[in-house]
Structures are given as C-alpha cells and as structure tokens.
Amino acid sequence: METRRLGGSDLEITPVGIGTAPIGSGRDWAAWWGPQDEAESIRAIHAALDGGVNWIDTAPFYGWGRAEEIIGRALAGRRDEVLVFTKCGTVPDEARGDRMDLRPETIRADVEASLRRLDTDRLDLVQLHDPDRDTPIEESWGEVQRLIAAGKVRHGGISNHPADAVERALGVGPVAALQYQYSLLHREPEHEILPLALERDLGVLTWSPLASGFLGDGFDVERLDPDDFRRTHPFAALDLGPLHAALGRIGERHGTTSAQVALAWLLHRPGVTGAIVGIRTEREADQLSGAASFRLDPDELLEIETAAP
C-alpha cells in the first residue's frame with residue numbers, strides 16, 4: 001500500500017488507518033455501536049495490518065480505556081509494525097458524562113495511562129482531543145512539547161479545534177497533524193481547516209469518513225441495535241437515496257464497494273492525508289486496502305458531489 005507523509009513530520013502513513021471508537025463502545029459509554037466481541041475486534045485489527053495498513057487511531061475516551069486495552073493486546077509482538085496515535089484531555093464528568101481538561105497535569109496523566117494500556121514505551125502521535133475553553137492552548141501545547149522532549153511522544157496533533165487555536169499552538173511548537181470530522185455528509189473542514197493545512201504543511205486525518213456508517217453498503221437504520229446511537233443521528237433524517245445510487249453505480253463500474261468509492265472521494269480532497277475508518281470485523285478490515293488504492297476520474301468525482309445532499 002502506498003504511503004503519504006503526515007505533514008512536516010517523519011511519519012509515513014497509509015491513506016487509511018484503523019479507527020477504534022466502535023470496538024471501544026459499550027453501554028456505559030457515550031455512543032453504543034451494538035454488541036462487539038473482543039476476539040473479533042482483535043481479528044479485525046490483525047486483518048487490517050495484514051492487508052498493509054500501518055497506523056491505528058484511538059483515544060482514552062473510547063470506552064474509557066477499553067479500546068486502548070484491546071489494541072494493546074492486539075499489538076502484542078507486532079508493535080514495531082504499527083504507528084499508534086491516541087488523544088488526551090477527555091475526562092469523565094458525573095453531570096455531563098464527559099468534559100475536556102487540557103491542563104498540563106491532565107495531559108501528562110493521560111499519556112502515562114495510555115502507555116500502560118497500550119503496553120508500549122512511546123506514542124507516535126498524541127492529539128488534543130477537543131477544545132478546553134478553560135485552559136489556554138499555549139499551556140496545553142507546551143506540555144505536549146515537553147512530552148516529546150522526554151521521548152514519550154514522537155509528534156503532537158490537534159483534533160476538532162478552531163483554526164485560530166491551531167495557529168496559536170504553532171506559535172509554541174510544531175503541529176504534525178490535524179484531525180476533524182469530514183465526509184460527503186459533513187464538509188465543514190473545507191472552509192478553514194483544509195486551506196490552513198495546505199498553507200502550513202499540516203497533515204489532516206479525517207474521522208467518520210463514512211459518516212458513522214451511513215455511507216456504507218446496504219446501511220439500514222432499522223436494522224441497527226435498538227440502542228444504537230445512529231438511530232437518532234441527524235444523518236438519519238437525510239434523503240441519501242441519490243448518493244447511495246451514485247456510489248453504487250461507480251462501484252459496479254470498478255468492481256468495488258460503495259464504501260470504498262466514498263473513501264476514494266475523500267482521499268482525493270486536497271489537504272487530506274489519511275482517513276480513519278472504524279472497523280469491527282475482518283470483512284470490514286479487508287476493504288481498507290481496496291479503498292486506499294482506488295482512483296476516481298473527474299467525471300466520477302462530479303457525479304458523487306452532485307448526488308450528495
């Protein structure tokens with residue numbers, strides 16, 4: 001599988017990476033993706049790695065450590081094959097479920113806990129998960145730089161922050177990557193984030209590139225687990241028929257799936273380095289390599305965008 005340089009860092013990543021929010025899901029967590037067997041999660045990770053994917057993205061927030069613990073077990077004996085990206089700053093809150101705390105001491109504690117759960121001595125990328133309005137980003141980013149200097153972290157990234165916060169962080173130290181929600185159904189990063197990334201040589205990783213599964217083949221809200229969070233998702237109210245039809249037509253022409261077509265569209269976007277694809281099964285993992293190598297022509301890109309709601 002081809003690789004792409006992540007911003008100005010020395011990290012070479014495959015166009016698609018393993019997303020782990022679904023495998024960390026539990027009924028005690030913010031987003032329930034339905035029942036998930038840990039052994040199947042590990043098989044899915046192994047299948048993706050065997051297919052050539054070379055990075056995995058996670059967070060302490062995903063199941064409050066559950067995803068990181070599963071990854072640690074899955075990477076036993078294979079750690080040097082994989083770039084491990086995680087996040088920091090999301091903490092439990094009795095009243096709200098969770099809140100952001102990006103004070104230096106919280107970042108350091110999060111990193112130490114992630115190292116233990118992932119059973120590793122270094123993290124290839126640590127990202128500020130969401131904005132903390134009570135802590136200046138200069139303080140948070142200064143701590144990330146200290147962790148890099150200490151050898152616990154190789155590079156720092158910023159997730160879901162406004163463009164001006166990224167600029168302020170750049171005044172403190174290098175930013176290797178940005179991470180934002182981006183898909184055919186959510187295109188907000190095109191306004192400020194992608195232009196900023198191109199201007200400042202920042203890698204962009206996209207989360208939910210298949211719109212939480214709504215762009216997947218045969219996706220049907222009614223077939224989801226009754227408590228699945230996607231039943232009440234705003235995407236559930238959209239008329240996705242024309243888009244699904246367009247993705248299906250293009251997929252048939254190329255002998256590939258609708259999901260792979262949707263990912264290929266995203267990977268064509270200027271500024272996008274990699275797409276984080278949540279996988280739960282070996283079958284889903286096996287599709288990643290096809291999405292990474294698939295190319296669309298200009299007419300097909302226009303056909304997709306015309307059909308998108």
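This report looks at a barrel of strands, one strand inside that barrel, and a pair of packed helices. The model is predicted, so please read every value below as computed from that prediction.

**The barrel**

Let's start with the overall arrangement. Eight strands close into a barrel, following the order E3-E4-E5-E8-E9-E10-E11-E12, and their pairing is parallel. On average, neighbouring strands of this sheet are turned by 30° against each other, direction ignored.

**Strand E10 and its neighbours**

Now pick out strand E10, which covers residues 177-181. In the barrel order, E10 stands between E9 and E11. The table shows how E10 pairs with these two strands.

| Strand pair | Bridges | Direction | Residues opposite each other |
|---|---|---|---|
| E9 (residues 156-159) and E10 | three bridges | parallel | Gly-157 and Ala-177; Ile-158 and Leu-178 |
| E10 and E11 (residues 203-207) | five bridges | parallel | Ala-177 and Gly-203 |

Ala-177 is a good residue to find in the structure: Gly-157 stands opposite Ala-177, and Gly-203 in E11 is also a bridge partner of Ala-177.

Helices link these strands along the chain. E9, helix H6 (residues 163-170) and E10 form a right-handed β-α-β unit. E10, helix H7 (residues 193-200) and E11 form a right-handed β-α-β unit too.

Is E10 enclosed or open? Five of its five residues are buried, meaning under 20% relative accessible area, so E10 is largely enclosed by the rest of the structure. In a regular strand, side chains alternate between the two faces of the sheet. For E10, Ala-177, Gln-179 and Gln-181 lie on one side, while Leu-178 and Tyr-180 lie on the other. Both of these faces are covered.

**Helices H8 and H12**

Finally, let's turn to two helices that pack together. Two packed helices are described by the angle between their axes and the distance between the axes. For helix H8 (residues 241-254) and helix H12 (residues 298-307), the angle is about 160° and the axes are 8 Å apart. Angles over 145 degrees count as roughly antiparallel, and H8 and H12 are therefore roughly antiparallel to each other.

Which residues make this contact? H8 contributes Pro-242, Leu-243, Ala-246, Leu-247, Arg-249, Ile-250, Arg-253 and His-254. From H12 come Glu-300, Glu-303, Ile-304 and Ala-307. Together, the contact residues of H8 and H12 divide into seven nonpolar, one polar and four charged.

How values were computed:
Residues are numbered from 1 along each chain as its sequence is written. This is a predicted model: local features need pLDDT of at least 70, side-chain atom pairs count only at pLDDT 80 or more; totals for chains, interfaces and linings use all residues. Side-chain values use heavy atoms; hydrogens and water are left out. Axes are lines fitted to C-alpha atoms, for helices over the stretch in contact, and angles run from 0 to 180 degrees between N-to-C directions. Helices (H or I, at least four residues) and strands (E, at least two) are DSSP runs, numbered from the N terminus. Angles under 35 degrees count as roughly parallel, over 145 as roughly antiparallel, 65 to 115 as roughly perpendicular and the rest as oblique. Contact means heavy atoms within 4.5 Å. Ala, Val, Leu, Ile, Met, Phe, Trp, Tyr, Cys and Pro count as nonpolar, Asp, Glu, Lys and Arg as charged, and the others, Gly among them, as polar. Buried means under 20% relative accessible area, exposed over 50%, partly exposed in between (1.4 Å probe, protein chains only). Two strands pair if DSSP finds at least two bridges between them. A crossover is right-handed if, with the strands pointing away from the viewer, the path from the first strand over the helix to the second runs clockwise.
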